[in-house]
Number of protein chains: 4
Amino acid sequence: MDVTTLGEARFASPLRRSVSDRARLPVEIVRDPDAPRDGGIEFELAGPRARIFFDPAAARAGIVTCGGLCPGLNNVVRSIFLELHHSYGVREVLGFRDGYRGLDPARAREPVALAPDFVDDIHKEGGTVLGTSRGPVDTNIAVDELIRRKINMLFVVGGDGTQRGGNDLFQEARRRGYPLAVVGVPKTIDNDVAFVSRTFGFLTAVEEAAKVLHCAHTEAHSTPNGIALVKLMGRHAGFIAAGATIASQDVNFCLVPEIPFKLEGEGGFLAALKRRILTRGHALVVVAEGAGQDLFQADVGGRDASGNVKLGDIGLFLRERIASCFKADGIDAPIRYFDPSYIIRSVPADSEDAVLCDLYARNAVHAAMAGKTGLVIGCLHDHFVHVPIEMLARQKKCLDPDGPAWHAVLATTGQPPRFC
Amino acid sequence: MDVTTLGEARFASPLRRSVSDRARLPVEIVRDPDAPRDGGIEFELAGPRARIFFDPAAARAGIVTCGGLCPGLNNVVRSIFLELHHSYGVREVLGFRDGYRGLDPARAREPVALAPDFVDDIHKEGGTVLGTSRGPVDTNIAVDELIRRKINMLFVVGGDGTQRGGNDLFQEARRRGYPLAVVGVPKTIDNDVAFVSRTFGFLTAVEEAAKVLHCAHTEAHSTPNGIALVKLMGRHAGFIAAGATIASQDVNFCLVPEIPFKLEGEGGFLAALKRRILTRGHALVVVAEGAGQDLFQADVGGRDASGNVKLGDIGLFLRERIASCFKADGIDAPIRYFDPSYIIRSVPADSEDAVLCDLYARNAVHAAMAGKTGLVIGCLHDHFVHVPIEMLARQKKCLDPDGPAWHAVLATTGQPPRFC
Amino acid sequence: MDVTTLGEARFASPLRRSVSDRARLPVEIVRDPDAPRDGGIEFELAGPRARIFFDPAAARAGIVTCGGLCPGLNNVVRSIFLELHHSYGVREVLGFRDGYRGLDPARAREPVALAPDFVDDIHKEGGTVLGTSRGPVDTNIAVDELIRRKINMLFVVGGDGTQRGGNDLFQEARRRGYPLAVVGVPKTIDNDVAFVSRTFGFLTAVEEAAKVLHCAHTEAHSTPNGIALVKLMGRHAGFIAAGATIASQDVNFCLVPEIPFKLEGEGGFLAALKRRILTRGHALVVVAEGAGQDLFQADVGGRDASGNVKLGDIGLFLRERIASCFKADGIDAPIRYFDPSYIIRSVPADSEDAVLCDLYARNAVHAAMAGKTGLVIGCLHDHFVHVPIEMLARQKKCLDPDGPAWHAVLATTGQPPRFC
Amino acid sequence: MDVTTLGEARFASPLRRSVSDRARLPVEIVRDPDAPRDGGIEFELAGPRARIFFDPAAARAGIVTCGGLCPGLNNVVRSIFLELHHSYGVREVLGFRDGYRGLDPARAREPVALAPDFVDDIHKEGGTVLGTSRGPVDTNIAVDELIRRKINMLFVVGGDGTQRGGNDLFQEARRRGYPLAVVGVPKTIDNDVAFVSRTFGFLTAVEEAAKVLHCAHTEAHSTPNGIALVKLMGRHAGFIAAGATIASQDVNFCLVPEIPFKLEGEGGFLAALKRRILTRGHALVVVAEGAGQDLFQADVGGRDASGNVKLGDIGLFLRERIASCFKADGIDAPIRYFDPSYIIRSVPADSEDAVLCDLYARNAVHAAMAGKTGLVIGCLHDHFVHVPIEMLARQKKCLDPDGPAWHAVLATTGQPPRFC
């Protein structure tokens with residue numbers, strides 16, 4: 001799956017090293033005669049190219065951060081700027097403010113002209129110095145603005161919808177004959193991007209989530225029949241819930257979107273929780289926000305400003321159902337409820353995410369300078385690759401119920417493979 | 001204000017140092033000719049006595065932890081045990097389980113016989129290894145149980161209600177002619193105990209609260225018109241809210257129980273918040289849980305299992321009022337709400353609280369061994385003292401609206417002295 | 001002990017509250033008929049005065065930070081500036097660079113004109129944004145420079161020597177008839193200032209030191225006959241060593257300057273350590289840098305740039321002596337040595353120190369505005385006071401070998417009261 | 001490269017899922033027509049097998065941890081035990097004490113019989129509950145002991161030398177006809193194991209190292225001409241130095257074993273450092289312990305108890321050379337030296353390492369239960385594999401001077417590619 005290129009790379013790269021434009025990384029790398037798979041998808045390897053499309057002396061770049069907070073946003077902004085500025089010698093880099101809103105002059109604050117002093121310490125803080133917001137921008141207005149500001153490269157840091165929006169910008173620019181490289185850095189704290197082993201911010205989120213689980217365990221453990229219920233991020237995939245559960249080793253039940261569960265009945269979750277309380281006197285329950293959505297009426301629905309389906313609040317729902325279940329049985333079991341989402345999203349990146357952000361950012365710059373467009377940087381099998389944006393839309397990454405991570409969750413919790 | 005003593009101290013203390021039984025610490029220590037105050041209350045100095053009431057070889061002690069979690073509970077349990085065991089040579093120390101429930105054989109788990117190995121690492125974890133619960137115990141049942149188990153000294157770690165309950169136990173034992181020393185270590189994360197400069201767990205709570213404020217500031221700051229609203233502990237006094245506000249220096253509004261505030265009108269809180277958002281684009285609001293209770297109908301009421309008046313939830317109330325206020329004015333201002341109570345209560349004590357717990361605990365042991373009863377250990381003007389339990393009931397400690405701490409809050413927030 | 005005042009306070013304070021100039025706080029507050037002490041020293045209460053000496057509209061202030069790093073320096077700088085700027089309306093505040101060197105134009109970088117934006121986030125980082133250095137400045141040159149820059153108030157953040165230097169500046173200015181208020185904030189991570197319960201940075205240092213003790217305990221505990229030796233700060237007083245020892249509860253031996261110890265012989269430290277290793281298989285030893293100086297030859301001596309006596313390095317000395325002792329006895333006992341001084345000094349202030357810094361700083365401003373000079377702010381018995389600089393020189397604060405803190409050290413370590 | 005198998009797998013696995021014994025993962029996965037590489041090495045995929053060699057009901061396992069501390073040792077011990085105990089139903093698991101010394105009855109403490117209660121919280125602490133030591137054990141004595149204790153599976157957690165020792169044990173057992181599965185979990189905080197993307201403890205080490213860099217930066221930055229020099233782990237490879245440098249973004253010079261450097265001359269390190277000090281006034285230097293070994297005389301040499309070549313102390317050497325260089329030029333440049341090795345090695349694993357440890361451990365158990373031997377578990381391209389121990393000896397993993405990580409180091413430091 002090769003990505004679109006704006007045209008012939010006519011300039012020599014100022015960098016010392018380069019990666020061949022013909023190198024490819026296959027998605028499937030295991031060779032198993034008992035389960036042969038088709039050779040399948042391959043991606044271009046990311047990295048600096050020997051020849052580049054844009055003349056660094058003339059090029060102008062823009063950066064925009066969109067959607068909810070995620071640890072590492074400032075690291076990405078900073079390293080994109082520094083790679084453009086120091087490694088390629090690009091003179092002007094604009095930071096558009098407040099997400100895509102920043103591309104609409106009617107709604108925007110003036111963008112900031114990035115400079116070494118401005119970015120010097122920004123990676124030590126969470127959040128994003130550029131500001132962020134949810135929601136799209138009118139494609140025509142945004143392309144007008146990008147052309148008006150002579151932007152040749154736009155770096156888009158954001159989730160699925162944001163990246164699709166970025167693709168629309170590139171397509172519209174192409175329609176107008178304006179060579180605009182749009183390169184995305186995928187941002188999802190949930191780590192659910194297909195073809196991407198690890199998105200930035202995810203490890204930090206697991207670390208912070210595990211701290212909350214420690215607190216929750218303490219609360220449950222210190223009270224007779226104490227139940228601690230922790231809702232963690234994970235709209236479509238339970239990676240944070242599973243990761244924090246394995247790291248913590250204190251969790252008794254872990255509920256994720258990938259694995260539906262029944263509440264009632266002998267094999268249901270509530271009966272299992274009750275057995276645990278009666279025999280062990282405390283329990284720690286983790287639920288990913290996207291778990292158990294089939295338990296809600298069809299009409300919860302609607303979409304938020306980012307276009308995401310609004311989920312039913314499984315945390316509050318479970319708290320209520322657990323409380324009534326124990327009340328009905330006359331068991332005094334105090335429930336402590338934890339919803340740490342904003343406390344987790346807003347911390348600075350830890351060191352491993354800081355390193356990952358740096359590499360994502362620099363590879364995004366290499367791609368844009370080479371005139372690649374309509375792609376996001378992926379990180380797969382210890383390598384960075386170019387993933388065409390349209391590939392992202394095809395599938396989400398999910399926990400494999402038969403894989404080692406979920407096995408580790410079942411092993412540490414002791415919970416049954418299914419509540420049914 | 002001297003405390004009750006069970007009788008003549010007939011045994012020599014095994015400790016090398018001692019404090020005179022006649023040393024007193026005045027509550028008022030400032031001498032101000034412009035504002036003369038009556039000499040006022042004095043308390044006995046805490047510390048080991050040269051002669052003690054109980055024969056260490058024959059004495060048996062019990063410890064009980066009650067109410068909500070607070071950083072340092074395990075440190076207190078551990079140091080009480082170690083001071084009894086190593087310094088005095090008391091052979092048997094029982095840890096009653098799950099609060100006062102542990103003194104009622106019909107509802108109790110068997111107490112744990114404390115030993116050096118059991119307590120070795122408990123201070124490194126939050127919560128309480130003994131377990132805790134809310135609510136009283138029948139005084140007669142509990143005294144029966146204490147006598148049955150030959151307990152001579154009961155160490156009660158808990159809040160106001162708990163300490164009054166402890167006083168009842170001592171009074172009932174005295175009625176029966178059974179010499180029972182009941183010594184309390186005051187436990188309130190809110191730091192609102194009269195005659196006590198600092199209760200254990202308070203500094204740790206401020207530290208953890210300040211971290212949450214940092215996250216909240218990041219969320220507010222990263223979004224156009226972002227409002228972060230943080231509810232912190234503080235039923236009757238805003239010490240945690242004020243302390244975290246001064247430490248953070250990022251807070252724009254701090255609302256505490258001691259200082260009533262108006263919501264509506266030109267001088268009200270909502271108008272001030274709106275001005276801030278319109279001029280600065282983000283705001284961080286901290287509210288103590290006991291603030292603004294006059295804004296609720298009289299009938300919120302009721303009491304919880306600990307006998308505390310149930311407060312209206314000022315956090316959710318403010319979130320709702322802020323949201324409708326901005327909505328009415330057509331201002332898009334996303335609100336992030338933080339309620340970190342359980343995350344704060346359950347962490348281990350930081351070093352300063354660890355030191356404080358150790359000193360509270362050892363002074364409690366000295367008091368009990370000397371046959372003092374019906375008291376809690378206080379910490380005042382850099383000294384530890386004996387505070388009769390009945391003194392505690394007389395008043396709560398509150399923020400002084402004219403004192404330096406509140407001045408520092410006003411200075412850092414820039415908020416007006418009153419919203420009215 | 002009243003402090004010097006520059007003259008009549010002719011201006012009304014812009015602040016809402018004030019403290020009487022006649023209020024005094026006694027140093028001795030315990031009343032003990034068995035150990036009567038003379039009424040003793042009293043200090044002026046710190047705080048805003050109703051009338052002030054300097055006209056805020058005309059006043060100019062300077063701040064200088066001197067000596068080694070200490071958590072909270074930036075907090076102090078920030079709050080001094082903000083109190084001057086916002087509360088009093090002082091328009092110009094200069095930050096002199098790199099300690100006293102900044103007062104000598106021949107050696108100085110240009111001072112920074114402090115402003116709200118400059119100080120906004122500085123308290124979130126350790127170190128000092130003003131820079132610091134050791135060593136004095138020529139008094140005449142410095143006073144010339146202060147007069148040339150029309151500085152009326154100089155805030156000096158530093159240790160003993162620095163404060164004495166500040167006193168010289170005030171005296172020289174007085175000699176010249178120039179009204180200069182010199183107000184100090186005492187800075188010593190060791191917490192050894194007489195008449196001051198707690199200096200800023202001390203609690204943070206104890207917290208960080210306790211973390212190192214945790215690591216050291218892990219190293220010792222994981223290896224057969226493992227010995228971990230940790231050198232902590234404390235030139236004249238063992239407060240950090242004692243505090244971290246009590247907080248950690250993992251230490252087996254704590255050696256401090258206040259309590260001499262013998263190395264050799266049956267009652268010496270080495271024999272006790274050997275007994276511990278042979279019976280328990282691991283040991284954690286903490287030594288304050290000023291401990292055991294009598295073990296060195298008289299000629300170690302000399303003084304550093306700050307004028308402090310150069311200490312013999314007791315940490316390396318003990319490591320060597322322990323190693324040879326065990327080698328001589330044919331016992332294989334690996335020693336891990338920790339010297340975390342710079343890692344501790346350079347962290348940001350924790351919340352409690354942040355609060356303390358804020359209050360020190362604001363009280364320093366109140367004193368200077370009122371025309372007080374030649375003093376440092378003290379913090380005693382839960383109050384802030386004015387301590388004349390000459391009082392500081394009279395004595396150092398030390399651990400009381402018969403007090404509760406040292407009793408707690410002995411209790412947690414189980415070490416004998418004396419190694420002799 | 002397939003591993004040795006003890007014999008036919010005759011028992012059905014109790015686990016629900018399995019991995020084919022024929023699945024292979026290639027080491028080279030990039031396909032580059034411009035740089036074709038031979039198909040090269042492939043490894044068996046790790047994971048549970050459908051049929052296993054050992055009867056769980058009869059099997060007995062042992063675990064041993066060797067060499068220096070590394071975050072995650074307890075996590076590995078715990079998850080090996082739990083996978084054996086809960087997933088396979090193995091009844092007896094011995095923890096040998098103090099490294100290989102524990103296999104020699106003449107020198108050993110009695111091994112601990114692992115049980116769920118014993119391991120419950122051990123992962124929350126650093127170090128190893130089993131104890132560790134350096135140095136080998138006599139192969140014959142150890143095999144005698146393993147046979148005497150009827151151990152069928154030995155899990156060896158340690159570095160190169162340790163794993164080679166484990167291989168010797170398996171070979172000797174085979175010689176005697178005793179079926180002993182020896183499975184290693186590679187332990188090196190340096191992350192320099194060939195065919196292994198990431199060893200456990202490495203990420204935690206980078207995180208802790210980055211914190212020290214933050215402190216060092218603060219020290220350097222707060223003093224005129226301040227130089228901070230930090231020695232980090234990395235005997236043969238600079239992964240920790242490079243990772244912490246990229247994460248920190250505050251480092252100005254990073255010196256690693258893979259890239260020799262000259263000290264003297266115009267192009268040398270000292271001249272570059274001097275230019276930095278003269279123009280910027282502070283510098284942060286990171287050096288891996290194995291860097292610059294060619295700067296020492298050939299005779300530093302010798303080997304430690306683990307058989308590692310003794311390195312010259314490049315940290316102290318550089319400190320000395322920097323000091324004399326600046327002294328010779330009459331520049332007053334205070335140097336702060338940091339050697340945080342033991343503070344880093346002894347912390348608990350962070351969440352990502354905790355997850356990694358869990359997966360390493362469970363895969364080690366799967367391998368051993370299937371009768372695989374003479375291997376270590378590897379983690380490569382997002383998969384776990386079986387690496388024959390002899391493969392480990394062939395090569396070390398090093399930083400690629402032309403790869404993205406080193407490019408990121410050069411970009412953040414701004415240092416020249418070579419000092420020559």
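How many bridges join strand β6 of chain B to strand β7 of chain B, and do the two run parallel or antiparallel? Let's start there. There are 4 bridges between β6 (residues 60-65) and β7 (residues 92-95) in chain B, and the strands run parallel. Before I go on, please keep in mind that this is a predicted model.

Okay, staying with that pair in chain B. If you want a place to put your finger, take Arg60(B): its bridge partner in β7(B) is Glu92(B). To get from β6(B) to β7(B), the chain goes by way of helix α1, residues 73-88 of chain B, and that β-α-β crossover is right-handed. On from there, β7(B) also pairs with β8, residues 112-113 of chain B, this time antiparallel, with 2 bridges. In that pairing, Leu94(B) sits opposite Ala113(B) of β8(B).

So where do strands like these sit in a whole sheet? Let me switch to chain D for that. There, 9 strands make an open sheet with mixed pairing, and the order is β3-β4-β17-β16-β10-β9-β6-β7-β8. At the edges of this sheet in chain D are β3 and β8 (112-113), each of which pairs on one side only. Inside that order you'll spot β6 (residues 60-65) and β7 (residues 92-95) of chain D, paired in the parallel sense through 4 bridges. Glu92(D) in β7(D) is the bridge partner of Arg60(D).

Now back to chain B for another sheet. This one is open too, with 4 strands in the order β12-β13-β11-β14, and the pairing is parallel. Its edges are β12 (253-255) and β14 (335-338) of chain B; each has a single partner strand, so one side of each has no neighbour in the sheet. From one strand to the next, the twist averages 15°.

Zooming in on one edge, β12(B) pairs with β13 (residues 282-288) of chain B, parallel, over 3 bridges. Leu255(B) stands opposite Val287(B) there, the latter in β13(B). What packs on this sheet? Helix α7, residues 269-280 of chain B, does, touching β11 (226-232), β12 and β13, and its direction makes about 150° with that of β13(B). Helix α8, residues 314-328 of chain B, packs on the sheet as well; α8 touches β11, β13 and β14, at about 160° to the direction of β11(B).

Right, let's move out to how the chains meet. Take chain D against chain A: 49 residues of chain D and 50 residues of chain A are in the contact. On the chain D side, the elements that supply at least two residues each are β3 (24-26), α1 (73-88), α5 (202-221), α6 (239-248), α10 (351-369) and α12 (404-413). Helix α10(D) gives the most, with 7 residues. By class, that side of chain D has 22 nonpolar, 12 polar and 15 charged residues.

How do those two copies relate? Chain D superposes on chain A by a rotation of 180° with 0.0 Å of shift along the axis, at an RMSD of 0.0 Å. The two copies are thus related as by a two-fold rotation axis. In chain D, the C-alpha nearest that axis belongs to His381(D), at 1.9 Å. And 100% of the interface residues of chain D are also interface residues in chain A, so the copies meet through the same surface.

Next, chain C and chain D. Here 24 residues of chain C are in contact with 24 residues of chain D. On the side of chain C, two or more residues each come from α5 (202-221), β14 (335-338) and α9 (341-345), and the largest share, 5 residues, is from α5(C). By class, that side of chain C divides into 9 nonpolar, 11 polar and 4 charged residues.

Some chains don't touch. Chain A and chain C have no contact, with their closest C-alpha atoms 10 Å apart. Chain B and chain D don't touch either, and their nearest C-alpha atoms are 10 Å apart.

One last close-up, between chains B and C. Helix α10 (residues 351-369) of chain B packs against helix α12 (residues 404-413) of chain C at an angle of about 90°, with the axes 11 Å apart. That makes α10(B) roughly perpendicular to α12(C). The residues making the contact are Asp358(B), Leu359(B) and Arg362(B) on one helix and Pro404(C), Ala408(C) and Ala411(C) on the other. By class, they come out as 4 nonpolar, no polar and 2 charged.

Definitions and conventions
Residues numbered from 1 in each chain as written. Chains lettered and ligands numbered in written order. Predicted model: local features only at pLDDT ≥ 70, side-chain atom pairs only at ≥ 80, totals over all residues. Contact = placed C-beta atoms within 7 Å. Nonpolar A, V, L, I, M, F, W, Y, C, P; charged D, E, K, R; others polar. Pairing = 2+ DSSP bridges. Right-handed = clockwise from strand over helix to strand, strands pointing away. Axes fitted to C-alpha atoms, helices over the stretch in contact; angles between N-to-C directions. Parallel < 35°, antiparallel > 145°, perpendicular 65-115°, else oblique. Least-squares fit on C-alpha atoms with pLDDT ≥ 70 in both.
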